[in-house]
Each structure stands twice: as structure tokens, then as C-alpha cells.
Amino acid sequence: MSTLPRDDARAPTAALAHEARRSRALGALGADALLVFGAPHHSRNGDAEYRYRQSSDLWYLSGWEDPESAALLRPGSDHPFILFVQPKDRSREAWTGFREGLEGARARFGADAAFPYAELSARLPELLAGWTTLHYAWGEDGTRDSTVFRAVSGLGRVAARNGLATPHHLIDARRILGELRLKKDADEVALLRRAADITAEAHVAAMRLGRPGVAEYEVEAEIDGLFRRRGGNGPGYTTIVGGGTNACVLHYITNREPLRAGDLCLVDAGCEYANYTADVTRTWPVSGRFSGPQRRLYEIVLASQIAAIDAVRAGRPYKAMHDAAVRVLTEGMVDVGLLDGDVETLILEEGYRRYYMHGTGHWLGLDVHDAGAYHVGGSSRPLEPGMVVTVEPGLYIPPDDLRAPEAFRGIGIRIEDDILVTDGDPDVLTAACPKSVADVEAACTG
Ligand SMILES: [Mn+2]
């Protein structure tokens with residue numbers, strides 16, 4: 001496996017791929033304008049800062065990585081792509097590093113015009129004059145909302161006097177950007193494959209490391225460290241390492257207890273590589289061998305996951321995978337005595353939700369829960385080649401659930417892979433990560 005540093009891995013994509021995505025966006029906008037802000041820069045505590053991560057929408061359209069930025073698309077105009085950015089500042093750059101500035105925005109990022117971010121509110125009215133429809137994702141930041149709404153309503157007053165065309169339709173920008181981001185181009189698929197490969201390697205390393213007495217945070221450190229050593233940004237979301245009953249807490253991220261002999265360990269972790277993240281869950285026996293009851297439930301979850309993956313095909317609705325998973329899980333739960341009654345009724349009345357309370361997956365890409373609508377015209381959306389989904393059924397038996405057979409109480413299991421929709425069979429990007437009972441036990445004892 002190559003270990004390209006991140007900048008080398010990203011460089012070829014910076015200009016070409018973003019330019020192609022931007023021209024698709026300009027085409028999709030038609031006669032509309034679109035304004036996208038960069039991610040805010042959050043402090044961690046006191047004056048300590050998190051490492052900056054650009055907003056996925058702005059990065060998708062531009063490749064721009066610095067904070068305090070916004071992109072304005074105005075198709076068909078003399079300046080269709082305008083970037084607002086931090087200007088170069090030698091004294092600030094001594095503290096926080098190189099800035100591309102206005103020059104870089106134009107020369108290296110393809111902007112037709114670039115302005116200092118501080119001038120955004122002053123320039124916006126002039127730049128939006130002549131457009132009747134503006135796409136903008138309101139509701140995420142009150143200061144930005146008021147900047148945009150003030151510019152638009154100020155223009156409206158001017159228009160009332162002199163008949164100038166100004167934005168009088170506001171459309172949620174997440175709709176058009178979600179549609180664009182939903183189907184991955186070849187460059188994006190390559191980066192997701194790299195993220196998937198690193199992630200698979202990290203899960204195998206975790207299985208090898210995990211044994212009684214090792215702490216959950218040591219497993220986390222092994223995984224997150226490997227993500228960085230392979231040139232990834234780090235985890236695309238906070239790594240979950242849940243030993244024993246902690247596996248029943250869906251978003252357990254405290255990761256501070258020791259792994260115990262005889263327990264399972266659930267690990268949900270994905271490497272973010274060049275801003276694209278994988279999302280993988282594996283559940284493995286701390287002592288290296290599944291117990292009988294653990295194995296019975298594991299085989300049910302695995303069978304449901306395999307059935308669900310088989311439903312990830314072009315033309316099938318998105319929800320087909322959930323329906324497939326629910327059917328196998330429900331049959332299995334009746335088989336082993338977790339549920340009582342008729343399978344069809346338990347599915348219809350959602351009786352399975354007692355031990356399977358989440359959905360079976362989500363879109364995957366720049367965000368772990370990626371952009372894009374799941375329904376079109378009120379129905380579950382048909383899958384298309386280039387879409388990427390996770391498939392992640394599970395079973396979670398609370399330790400204090402007196403209705404469950406005692407042997408199953410406290411067991412939490414989830415198995416998750418990342419699937420590319422193709423013209424043919426589902427392409428499991430994370431297939432290198434072991435998941436059969438035999439392969440998992442081999443990885444744990446290897
Ligand atoms: Mn997931």
C-alpha cells in the first residue's frame with residue numbers, strides 16, 4: 001500500500017476535478033445564482049483551535065481549503081465564479097501558515113474574480129443585482145443569514161424603484177448541491193477507495209490488538225494513528241470502540257474502559273482521505289473466539305447485511321436494502337427467541353425495532369452522512385450508478401432487557417460496509433475488511 005502524503009495525493013484533483021464539478025453546478029443552476037460559505041473555524045477550548053476542515057460544499061466546488069471564505073456562482077456572467085477569501089497577510093501567515101490569498105484564488109483555483117472575505121457584505125448587493133433566484137443554505141449561521149437577507153432585501157427596495165432584476169426567489173442550496181454530490185465522479189470514487197483501503201487495514205490492526213485488558217482508547221489510538229500514518233486527515237467522525245455492553249450505545253465515543261474476556265468489541269471507524277471518508281463497523285470477540293450465543297446473533301446480522309448489500313443495485317429503491325435487512329433480522333430474532341410471533345406482523349408493526357432501532361445506511365462521500373435526498377416525489381429514490389451508500393444492520397440487546405433470553409443480554413453487534421452502486425453487481429469498497437466468523441477470528445488471533 002502506498003503512503004503518499006496528503007498534499008501529493010490531493011494535488012491532481014485540485015484544479016481539474018473541481019473545475020469539472022463547478023461547470024456541472026453552473027449548468028444545473030441555469031439562470032440562477034448560488035452562494036456557499038466555507039466552514040466556520042471553531043475553537044476547541046480557551047484559545048486552542050481545532051484543525052480547520054473546509055465545508056464539504058465549498059470544497060466540492062472549489063478545492064479551497066482556507067478558513068473565512070465563500071463562493072458565488074453566477075452562470076453566464078462575465079465573472080461566473082467568484083471567491084471571497086482571506087487576503088495575504090505576512091504577519092498572520094507567520095502564525096497560521098501560508099495563505100493563497102486573492103492571487104492564489106485566481107491563478108490556482110480558477111476564480112474569475114476574488115475579493116477579501118471582509119468585503120462580502122459590502123459587495124454582495126452589487127454582485128446579486130440582475131439575478132432573480134438565489135440558492136443559499138439558510139439556517140446554519142445567523143450572522144451569515146442576516147448578511148445575505150440584508151443584501152437581498154436592500155436590493156428589493158432598489159428594484160421597486162427602478163425595475164432592476166433582483167433575487168426574489170430563495171432556494172435552499174442544499175438541494176442542488178446534494179444532487180451534484182450524490183453521484184460520485186471517477187476521481188471521488190478513487191479517493192473513497194483509498195479511504196476504504198486504509199480503513200480496512202485499520203480494522204484488521206484493531207482486531208489484532210484487541211484482547212482482554214487492552215483499553216478501548218488503545219484500540220482507538222491504533223486506528224486513528226493508522227489513518228494518519230497512511231496520509232489520511234484522521235477519522236471522518238469520532239471513532240467508536242465499545243467493549244461489552246458499550247456496544248449497545250449507538251454513538252458510544254468515551255472509549256475509556258478495558259476490554260474484557262468473553263465480551264465482544266464493536267468498532268465503528270472510517271478514515272477521511274483527501275476529505276472523503278469511509279464508514280466501517282466490525283464487531284469481534286475480545287478473546288479471539290465467538291461464544292455460541294454471540295455467534296448465533298453475529299450470523300444473523302451478517303446474513304442480513306449480505307442480503308441488504310445484494311439490494312444495492314441501479315434501479316432498486318434506496319429503501320430496498322433496509323427492507324431486505326429487516327426481513328432477515330426479524331426471521332433470525334424469531335428463530336432464536338428474541339421475538340415472538342409472526343414474521344410478517346413483526347415487520348409490519350415494526351416489532352423488530354426493540355433490538356434494531358436504526359436505519360440500514362446512508363449516503364457516503366465528503367460527509368459521513370453525505371448530502372442528497374433519500375426520497376423523490378414522495379417515494380424512496382431509485383439507486384443510480386455512482387451513488388455510494390453504507391449498509392449497516394445490527395442487533396442490540398440491552399443488558400437489563402428481561403424479555404430477552406439471558407444468554408443474549410448485553411450483546412451489541414453491527415456490521416457495516418461501503419457500497420458503490422454500479423451498472424452491475426454492488427461494488428463493496430470495503431471488501432478487504434474481514435467479516436465472516438472464520439475471517440474475523442483469524443484476524444483476532446493473527
Ligand atoms: Mn454509517
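## A walk through the predicted model

Start by colouring the whole chain by pLDDT: the mean is 95, and 97% of the residues reach 70 or more. Keep in mind that this is a predicted model. Now select residues 1–13, where the pLDDT is below 50. Beyond near neighbours in sequence, that stretch makes 15 contacts in the model, so treat what you see there accordingly.

**The two domains**

Next, give each domain its own colour. The domain assignment sets domain 1 at 6–180 and domain 2 at 183–445. Their C-alpha centres are 36 Å apart. Where they touch, domain 1 contributes 13 residues and domain 2 contributes 11.

Which elements of domain 1 should you pick out on the side that touches domain 2? Select α1 (6–29), α2 (56–62) and α7 (173–182), each of which supplies at least two residues. The largest share, 6 residues, comes from α1. Sorted by class, this side of domain 1 has 6 nonpolar, 3 polar and 4 charged residues.

**A small stop at a sheet**

Move on to the strands β9, β12 and β13. These 3 strands form an open, antiparallel sheet in the order β9-β12-β13. The edges are β9 (234–235) and β13 (276–277), each pairing on one side only. Show the backbone of β12 (residues 271–273) and you can look for the 2 bridges that join β12 to β13. Across this antiparallel pair, Tyr273 stands opposite Tyr276 of β13.

With the sheet still in view, add helix α8, residues 186–209. Helix α8 packs on the sheet and touches both β12 and β13. The direction of α8 makes about 145° with that of β12.

**From α8 to α13**

Keep α8 on screen and select helix α13, residues 437–445. The two helices pack at an angle of about 65°, with their axes 6 Å apart. To see the contact itself, show Val204, Met207 and Arg208 in α8, which meet Val440, Ala443 and Cys444 in α13. By class, this contact has 5 nonpolar residues, 1 charged residue and no polar ones.

**Thr430**

Now step back along the chain to Thr430, in the loop between β21 (427–428) and α13. Is Thr430 buried or exposed? Thr430 is buried, because 26 other C-beta atoms lie within 10 Å, and the cut-off for buried is 20 or more.

Who are the neighbours? Leaving out residues up to four places away in sequence, Thr430 touches Ala196, Thr199, Ala200, Ala278, Val280, Asp417 and Asp418. Try a distance label too: the C-alpha atoms of Thr430 and Arg193 are separated by 7.8 Å, although these residues are 237 apart along the chain.

**Two residues with positive phi**

For the last stops, look at backbone torsions. Most residues other than glycine have a negative phi. Select Asn255, where phi is near 50°, a positive value in a residue other than glycine. Asn255 sits in the loop between β10 (240–243) and β11 (264–269). Asn255 counts as buried because it has 20 C-beta neighbours inside 10 Å.

Finish at Glu350, whose phi is near 60°, again a positive value in a residue other than glycine. Glu350 lies in the loop between α12 (343–348) and β15 (375–376). Why does Glu350 count as exposed? There are 12 other C-beta atoms within 10 Å of Glu350, and a residue with 12 or fewer is classed as exposed.

Key. Residues numbered from 1 in each chain as written. Predicted model: local features only at pLDDT ≥ 70, side-chain atom pairs only at ≥ 80, totals over all residues. Pairing = 2+ DSSP bridges. Helix = DSSP H or I, 4+ residues; strand = E, 2+ residues; numbered from the N terminus. Contact = placed C-beta atoms within 7 Å. Axes fitted to C-alpha atoms, helices over the stretch in contact; angles between N-to-C directions. Nonpolar A, V, L, I, M, F, W, Y, C, P; charged D, E, K, R; others polar. pLDDT = per-residue confidence, 0-100. Domains from an automatic or database assignment.
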